[in-house]
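Please open the model in your viewer and keep the sequence panel beside it, since each stop on this tour begins with a selection and then says what is to be found there.

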Amino acid sequence: MEFERREAPYVRPPTSVGGMMREVLFALIPAALAYVWFFGAGFILNLLVAALFCAAGEAFMTHLRGRPPEEALSDFTAMVTAALIAFSMPALCPWWVTATASLFAIVVAKHLYGGMGYNIFNPAMAGYVVALVSFPMYMNFWTAPRIGDIDYHYLDFYETARYTLTGSLPEYLSFDAISRATPLDTVKTGLKSMLTFDEMYSNPLMGDFGGRGWEWIGNFTAIGGAWLLLRKIIRWHIPVAVLAGLLVPSGFMYFLDTGAHASPGFYLFSGGTILCAFFIATDPVTAATSPRGRLVYGFGIGFLIYAIRRWGSYADGVAFAVLLMNMARPAIDYLTRPRIVGHAKNEAR
Amino acid sequence: MWTSILIAVATITGIALASGLLLGFASRRLPPRTDSLVDQVNELLPQLQCAQCGYAGCRPYAAAIVDDDADINLCPPGGHDTVRRLAALLDREPLPLADAASSVSMSSLAIIDESLCIGCGWCREVCPVDAITGAHHYMHTVIARECTGCELCVTRCPVDCIGMVAAR
Amino acid sequence: MRPAPTFDLGKLNGGLRLPGEKANSTAMGIQVVPVPAQLVLPLTQHSGNAAQPVVGIGEKVLKGQLIADADGALSAPVHASSSGKVVAIEQWPVSRRHGDPAPCIIIECDGRDEAIGLAEPVIPYESLPLESLLQKILQGGIVGLGGAVFPTAQKLMQANTLPLESLLLNGVECEPYISCDDMLMREQAADVVKGAQILMYALGIQKCYIAIESDKPEALQKMADALTALNDSRMVVKMVPTIYPSGGEDQLVQLVTNKEVPSGGLPTDVGCLVQNVGTAAAVYRWICEGEPLISRVTTVTGDGIVSPMNVLARLGTPVAEIVAFAGGYTDRAKQLIIGGPMMGKSVTTDRVPLVKATNCILVMSHLAPPLDERPCIRCGECAVVCPVVLQPQELYWFACADDEVKLREHGLIDCIECGCCDLVCPSHIPLMASFRQAKARIRELADEKARAERARLRFEARTLRREIEEQKREDELAQQKRAAITAGPKEIQEMVERARRGKPPLERTEKGPD
């Protein structure tokens with residue numbers, strides 16, 4: 001009997017990129033539900049816009065490069081980018097802002113840098129930063145979470161949709177009336193105005209440990225992160241290092257002068273910290289690969305997040321921290337190569 | 001207004017001067033590579049000693065390159081890889097090969113047809129790596145292991161008894 | 001005696017826990033395949049030079065007769081697996097070349113299976129001088145039966161020059177589907193341990209570890225019992241965790257002795273000699289019972305085989321006959337692999353014969369899927385599972401870029417080609433194939449470099465030689481001139497005489513025109 005010849009190994013690898021990305025999307029569902037609960041349907045609309053433009057950008061660029069678009073879309077990486085962008089945008093966000101972020105992320109940060117696997121910068125974060133500096137007014141328009149005990153007008157679905165499509169609020173509302181500072185904003189401006197933390201925490205928007213609403217979104221994101229760890233989609237090094245990188249300096253400063261610094265717990269659960277630790281910093285293409293390298297990379301991100309929040313001019317430093325460490329990644333990978341079995345330590349490379 | 005412009009210009013100039021001094025100091029005082037540049041260039045050449053570049057061997061060609069008397073694209077057996085590596089080493093433009101059609105290569109081997117050889121010894125004299133052995137008026141033969149395929153003996157032989165075969 | 005627990009072992013980096021797939025083939029005992037009508041014995045069933053035939057076409061041979069002798073320093077002889085007549089010495093498909101032909105001796109069996117009488121009675125090996133013992137092992141055609149088929153005698157001779165602390169018997173068999181060593185240890189444990197004793201004697205080794213994976217409880221028990229019966233306190237059974245590829249030579253040394261084999265080195269460099277359990281049994285049978293290597297235990301298994309089992313078959317039996325003996329192909333037989341699913345050889349025809357290296361005949365019910373390679377996403381899973389702690393994702397970039405320097409720096413030559421990285425890659429990149437190609441390319445480049453270096457040195461030597469000759473010529477010329485100037489009338493007369501006779505003033509070697 002005759003047979004065909006094939007190359008070893010003769011077993012199909014059980015994992016696939018599409019499968020991994022689908023798991024990531026599933027893991028984001030708890031966080032998404034929490035987000036919608038606290039901040040309304042705007043998130044869903046942002047998600048739809050981001051998904052649409054990410055998919056369109058991906059299809060267009062792969063077509064330009066002479067490949068079938070299904071090939072690129074089937075690995076779901078564009079959808080993960082879209083989800084992360086949607087999480088980063090304020091709940092009330094005109095569609096063109098989200099679209100700009102999505103298109104820049106996919107077309108420029110991903111494909112113009114070489115496409116899947118070759119990009120240096122995290123596409124979602126690059127897209128977010130572009131939107132942030134191009135549309136400061138819209139990107140700083142944060143609303144209050146649904147906590148039920150403040151005098152606040154929450155937009156209904158129709159008003160949210162209208163804002164997303166046209167960028168205009170109902171006539172009886174003004175931007176100032178609805179916009180509320182995020183907890184991180186509150187702390188930053190409060191410190192500048194020399195308020196004490198007791199005064200800052202008396203603001204009804206400040207929650208028990210991270211800001212009302214935000215801390216719960218953080219918890220649910222952590223559930224998703226734990227799921228990813230269990231399923232071995234991500235490994236523990238980066239999330240632990242990011243959190244450590246944030247907790248160590250903030251804990252140290254808090255210990256030095258409790259009155260003048262927010263607690264480490266606050267930094268942990270506010271803003272995009274948990275999302276960054278489990279979903280953004282763990283993006284495999286742009287993160288370090290060796291175990292030690294990942295610890296260094298994650299710690300750098302955590303530290304930069306703290307530095308930017310404490311001393312920088314932006315309220316939340318996640319995006320910039322990630323982009324800065326993306327730049328350092330090749331050097332980190334080179335310097336933290338593990339010793340090969342059978343070679344001496346510190347062998348001349 | 002003028003003060004602030006002057007301050008800005010002065011600061012930048014100061015930084016530039018300081019950097020320049022630092023770099024100049026480093027380039028002079030920090031130890032350079034111990035191999036001479038000619039040695040480094042010679043390392044990158046394929047060592048056929050075939051003289052296709054117009055120089056009598058790889059080392060003379062390397063010396064000419066370093067003296068800027070020769071372009072880096074004159075070595076056909078080295079191929080594009082060698083041009084690229086020389087360009088990287090010497091910070092010059094990689095040029096296309098001057099004679100890409102040459103078939104001289106290390107993978108060919110010279111064979112002497114013993115029925116025609118007259119033992120004149122001219123091939124032995126011209127072989128750049130002494131790969132031909134034989135006494136005067138006696139049979140000559142090529143030491144296969146040492147032959148670099150440079151083909152210098154082929155043209156030299158007065159009775160046309162040497163041919164090239166693909167050996168490896 | 002119970003097998004030793006695992007807590008005092010070294011650590012294996014990476015590796016994978018793979019499904020064993022061995023239950024089917026270990027349900028029955030070893031079945032003996034009858035001698036086929038025709039035996040095909042390749043001249044190269046080992047690493048090294050092909051054996052040279054010592055029989056001619058038409059010659060009658062007996063079972064165990066030498067039919068091809070070892071040729072050169074690294075080679076092994078081949079023996080007839082049964083009695084019959086040599087009908088041809090010609091090209092035949094072999095598994096070593098994936099079904100492409102190689103020179104083989106074809107024997108038509110006469111059915112009598114008559115063994116050759118022993119030239120001398122089997123004497124106890126302890127009474128042989130060590131030199132002769134090693135020579136005798138060479139004559140038996142014994143090679144490493146774990147798959148590498150390195151001639152055992154040469155391995156022992158090389159190891160003889162180094163201080164050796166321990167003999168490691170490799171009964172690990174970590175690759176899925178393969179169970180021949182398991183069955184050998186269950187049924188012929190005594191042969192294995194007695195063979196180990198011979199090896200220990202030959203090299204003066206005082207300790208022996210028999211490494212068996214934890215998924216082989218019967219083998220562990222049987223080997224322990226055999227050791228108890230033998231009552232040799234130098235030998236002990238060690239149970240190792242069931243992780244692929246802990247059966248690799250270097251990996252096993254690391255696991256059992258906690259020492260790392262240096263890059264480019266051998267286990268003997270750290271005082272360990274590793275031998276497969278089958279090799280040990282073969283040594284025993286040759287030295288103490290006079291039977292050279294003419295048969296081996298092989299696993300016939302996979303979804304494409306009707307009755308998976310382990311068989312004892314004569315070397316040279318066509319695989320097709322062994323498959324027929326095991327019930328034949330199912331209707332789902334798609335791929336024939338000689339070896340295991342990770343490191344085996346895909347073979348194009350079942351006409352290939354069973355050879356010394358054939359530890360498994362695996363017929364799978366699916367073809368390896370077509371290439372659907374995606375770009376690398378740098379997830380790093382390949383680096384997590386690599387037993388040598390390489391960075392396959394980096395090696396892959398460098399292999400694509402043909403960057404020989406970086407490949408060497410990152411340790412490509414240390415890759416054991418186990419395939420773990422391939423199995424965990426979500427982008428389905430054929431890493432093992434790329435590394436094999438890259439290694440071949442590096443060897444090519446290293447060869448080229450070595451030759452260029454030699455040419456460079458010869459050129460410089462020749463340049464120096466010509467300079468010296470030139471200098472000598474000039475000196476002679478100068479001397480002649482001086483002689484001519486200071487010559488008296490008598491010397492001038494002599495010079496004129498010599499010139500008239502046609503001889504030059506001084507002998508010079510003739511040279512061609514410059």
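Begin in chain C of this predicted model by selecting C:Leu168 together with C:Tyr209, its bridge partner in S10(C). Widen the selection to strand S9 (residues 166–171) and strand S10 (residues 207–213) of chain C, and you will see a parallel pairing that runs over 6 bridges.

Return to C:Leu168 and look towards S12(C), where its bridge partner is C:Val274; here S9(C) and S12(C) pair in the parallel sense over 5 bridges. With these strands selected, add the remaining one to obtain an open sheet of 4 strands, in the order S11-S10-S9-S12 (chain C), with parallel pairing. At its edges stand strand S11 (235–240) and strand S12 (272–276) of chain C, each of which pairs on one side only. If you look along the sheet, neighbouring strands are turned against each other by 25° on average, direction ignored.

Stay with S12(C) for a moment and colour its residues by burial. Is this edge strand mostly covered or mostly exposed? S12(C) is mostly covered, with 5 of its 5 residues buried, and the covering extends to both faces: C:Cys272, C:Val274 and C:Asn276 are buried on one side, while C:Leu273 and C:Gln275 are buried on the other. In a regular strand, side chains alternate between the two faces of the sheet.

Next, select the other sheet of this tour, an open one of 6 strands in the order S1-S14-S13-S17-S15-S16 (chain C), in which the pairing is mixed. Strand S1 (31–32) and strand S16 (345–346) of chain C stand at the edges with a single partner strand each, so one side of each has no neighbour in the sheet. At the S16(C) end, strand S15 (residues 335–338) of chain C pairs with S16(C) in the antiparallel sense over 2 bridges, and C:Ile338 has C:Lys345 as its bridge partner in S16(C). Now add helix H3 (residues 180–187) of chain C, which packs on this sheet and touches strand S13 (295–301), strand S14 (309–314) and strand S17 (360–364) of chain C; the direction of H3 makes about 125° with that of S13(C).

For a wider view of chain C, colour it by its domain assignment, which gives domain 1 (24–114 + 129–314) and domain 2 (375–467). The centres of domain 1 and domain 2 of chain C, taken over C-alpha atoms, are separated by 31 Å, and the contact takes 7 residues from each of them. On the side of domain 1 of chain C that touches domain 2, the residues divide into 2 nonpolar, 4 polar and 1 charged.

Move on to helix H10 (residues 392–401) of chain C, which is mostly covered, 7 of its 10 residues being buried. Which residues of H10(C) are buried? They are C:Pro392, C:Gln393, C:Glu394, C:Leu395, C:Tyr396, C:Phe398 and C:Ala399, and the helices against which they pack are H9 (381–385), H11 (404–409), H12 (420–424) and H13 (431–486) of chain C. Just past this helix, select C:Asp402, which follows H10(C) and has a positive phi, near 60°.

Now show all the chains and select the largest nonpolar core, which has 248 residues and in which A:Val322, C:Leu168 and C:Met223 have the most contacts. Helix H1 (residues 17–39) of chain A gives the most to this core, with 11 residues. Centre on A:Val322 and, leaving aside residues up to four places away in sequence, you will find it touching A:Asn122, A:Met125, A:Cys276, A:Ile280, A:Ala281 and A:Ile301. Apart from the largest core lies another of 20 residues, among them B:Cys50, B:Met106, B:Ile132 and B:Cys147.

Finish with the contacts between chains. Of the 2 pairs of chains in contact, chains A and C share the most contacts, with 34 residues of chain A in contact with 51 residues of chain C. The chain A side of that contact divides into 16 nonpolar, 8 polar and 10 charged residues. Then select chain B, where 17 residues are in contact with 12 residues of chain C; by class, the chain B side has 8 nonpolar, 6 polar and 3 charged residues. Chain A and chain B do not touch, and their nearest C-alpha atoms are 17 Å apart.

Note on methods: Residues numbered from 1 in each chain as written. Chains lettered and ligands numbered in written order. Predicted model: local features only at pLDDT ≥ 70, side-chain atom pairs only at ≥ 80, totals over all residues. Nonpolar A, V, L, I, M, F, W, Y, C, P; charged D, E, K, R; others polar. Pairing = 2+ DSSP bridges. Axes fitted to C-alpha atoms, helices over the stretch in contact; angles between N-to-C directions. Domains from an automatic or database assignment. Core = buried A, V, L, I, M, F, W, Y, C linked by C-beta atoms within 7 Å. Buried ≥ 20, exposed ≤ 12 C-beta atoms within 10 Å, placed from the backbone.
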